[in-house]
Each structure stands twice: as structure tokens, then as C-alpha cells.
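The following exercises concern the structure shown below. Each consists of a task and a solution worked step by step.

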Amino acid sequence: MIVTIVTFELAAPVALSEIAKTFQATAPKYREIPGLLRKNYWLSEDGRRAGGIYVWATRADADRLYTDAWKAFVIEKYGKPPTIEYLHSPVMVDNREGSILVDT
């Protein structure tokens with residue numbers, strides 16, 4: 001599995017309740033994306049950074065999302081280009097499902 005942490009700097013601090021509405025509006029775009037296992041939206045405590053933490057089946061799955069068009073969408077929505085960090089995730093604990101997934 002691959003985890004990506006997408007971060008974008010916000011032009012001005014935002015409240016959690018405000019950004020949650022934006023996140024809820026964009027969340028349906030991520031339903032049924034091939035290879036996307038999970039996405040968590042996040043906002044820093046100071047309200048100056050936001051983004052998503054994605055869990056992907058493969059790096060190729062992640063790369064299919066992070067296109068120039070997707071980056072342009074983020075820039076239009078939030079004002080600045082995102083940074084994307086790629087991480088390997090060999091084991092995932094899911095307490096809701098009561099499972100441990102091992103990626104070999």
C-alpha cells in the first residue's frame with residue numbers, strides 16, 4: 001500500500017466548521033476511484049494548512065489521481081499548489097473493521 005499526504009497552505013486561517021463544508025462538497029469526487037482505499041481530510045490546528053491523507057493500493061493508483069488537472073483544481077479551490085508526500089504502508093490496522101491488513 002501507498003499512503004500519500006497532500007498538503008496545501010491556505011491564504012488565511014480557516015475555521016474547522018468552514019473547511020468541513022468544503023471537504024463535504026468535494027468528498028463525493030473520491031468515491032469509487034480505482035485503488036483508493038481511504039481518504040481522510042485534515043486541517044492543522046492553526047487553520048493555516050489543510051489536505052488529505054490517502055491510502056492507495058499501489059503507487060500507480062495514486063499517480064492516476066494527481067494529474068495536472070487535479071493540481072489545477074486544488075490551486076483554484078485553495079489558492080496554492082499542493083505538496084504530495086509518498087510513503088510505503090506495509091501494515092494497516094483498522095479498528096472499525098477489526099482487521100490488520102498486511103501488504104506483501
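## Exercise 1: The sheet

Tryptophan 42 has its bridge partner in E3, namely glycine 51. The model is a predicted one, in which local features require pLDDT of at least 70 and side-chain atom pairs count only at pLDDT 80 or more, while totals for chains, interfaces and linings use all residues. Residues are numbered from 1 along each chain as its sequence is written, and side-chain values use heavy atoms, with hydrogens and water left out.

**Task.** Determine in which order the four strands of the open sheet stand.

**Solution.**

Step 1. Strands (E, at least two residues) and helices (H or I, at least four) are DSSP runs numbered from the N terminus. Two strands pair if DSSP finds at least two bridges between them.

Step 2. E2 and E3 run antiparallel and are joined by seven bridges. Besides the pair already named, asparagine 40 stands opposite isoleucine 53 in E3.

Step 3. Strand E1 (residues 2-9) pairs with E3 over eight bridges, also in the antiparallel sense. Phenylalanine 8 has alanine 50 of E3 as its bridge partner, and valine 3 has valine 55 of E3.

Step 4. The order of the open sheet is E2-E3-E1-E4, with antiparallel pairing. E2 and strand E4 (83-88) are the edges; each has a single partner strand, so one side of each is left without a neighbour in the sheet. On average, neighbouring strands of this sheet are turned by 15° against each other, direction ignored.

Step 5. Burial can be added for E3: six of its eight residues are buried (under 20% relative accessible area with a 1.4 Å probe, protein chains only; exposed means over 50%, and partly exposed lies in between). E3 is therefore largely enclosed by the rest of the structure.

## Exercise 2: The faces of two helices

**Task.** Identify which residues of helix H1 (residues 16-26) are buried, and which residues of H3 are buried.

**Solution.**

Step 1. In H1, the buried residues are Ile19, Phe23 and Thr26. They lie on the same side of H1, because they cover an arc of only 65° around the axis (the arc of the directions from the helix axis to the C-beta atoms).

Step 2. A general rule applies here: an α-helix has 3.6 residues a turn, so residues three or four places apart point the same way.

Step 3. Ser17, Lys21, Gln24 and Ala25 are exposed on the face of H1 turned away from its buried side. The cover over the buried residues of H1 includes strand E2 (36-43), strand E3 (49-56) and helix H3 (68-78).

Step 4. In H3, Trp70, Val74 and Tyr78 are buried. They line one face of the helix, because seen down the axis of H3 they fall within an arc of 45°.

Step 5. Asp68, Ala69 and Glu76 are exposed on the other side of H3. The buried residues of H3 pack against E1, H1, E3, helix H2 (59-65) and E4. Glycine 79 follows H3 and has a positive phi, near 95°.

## Exercise 3: Two helices together

**Task.** State at what angle H1 and H3 pack.

**Solution.**

Step 1. Axes are lines fitted to C-alpha atoms, for helices over the stretch in contact, and angles run from 0 to 180 degrees between N-to-C directions.

Step 2. The angle between H1 and H3 is about 150°, and their axes are 13 Å apart. H1 and H3 are therefore roughly antiparallel to each other (an angle over 145 degrees).

Step 3. Ile19, Thr22, Phe23 and Thr26 of H1 make the contact (heavy atoms within 4.5 Å) with Phe73, Lys77 and Tyr78 of H3.

## Exercise 4: The hairpins

**Task.** Find which glycine takes a positive phi in the hairpin of E2 and E3, and which in the hairpin of E5 and E6.

**Solution.**

Step 1. The hairpin of E2 and E3 has five residues between the strands, and glycine 47 takes a positive phi near 75° there.

Step 2. Strand E5 (residues 91-94) and strand E6 (residues 99-102) run antiparallel, joined by four bridges. Aspartate 94 stands opposite serine 99 in E6.

Step 3. The hairpin of E5 and E6 has four residues between the strands, and its glycine 98 takes a positive phi near 70°.

Methods
Angles under 35 degrees count as roughly parallel, over 145 as roughly antiparallel, 65 to 115 as roughly perpendicular and the rest as oblique.
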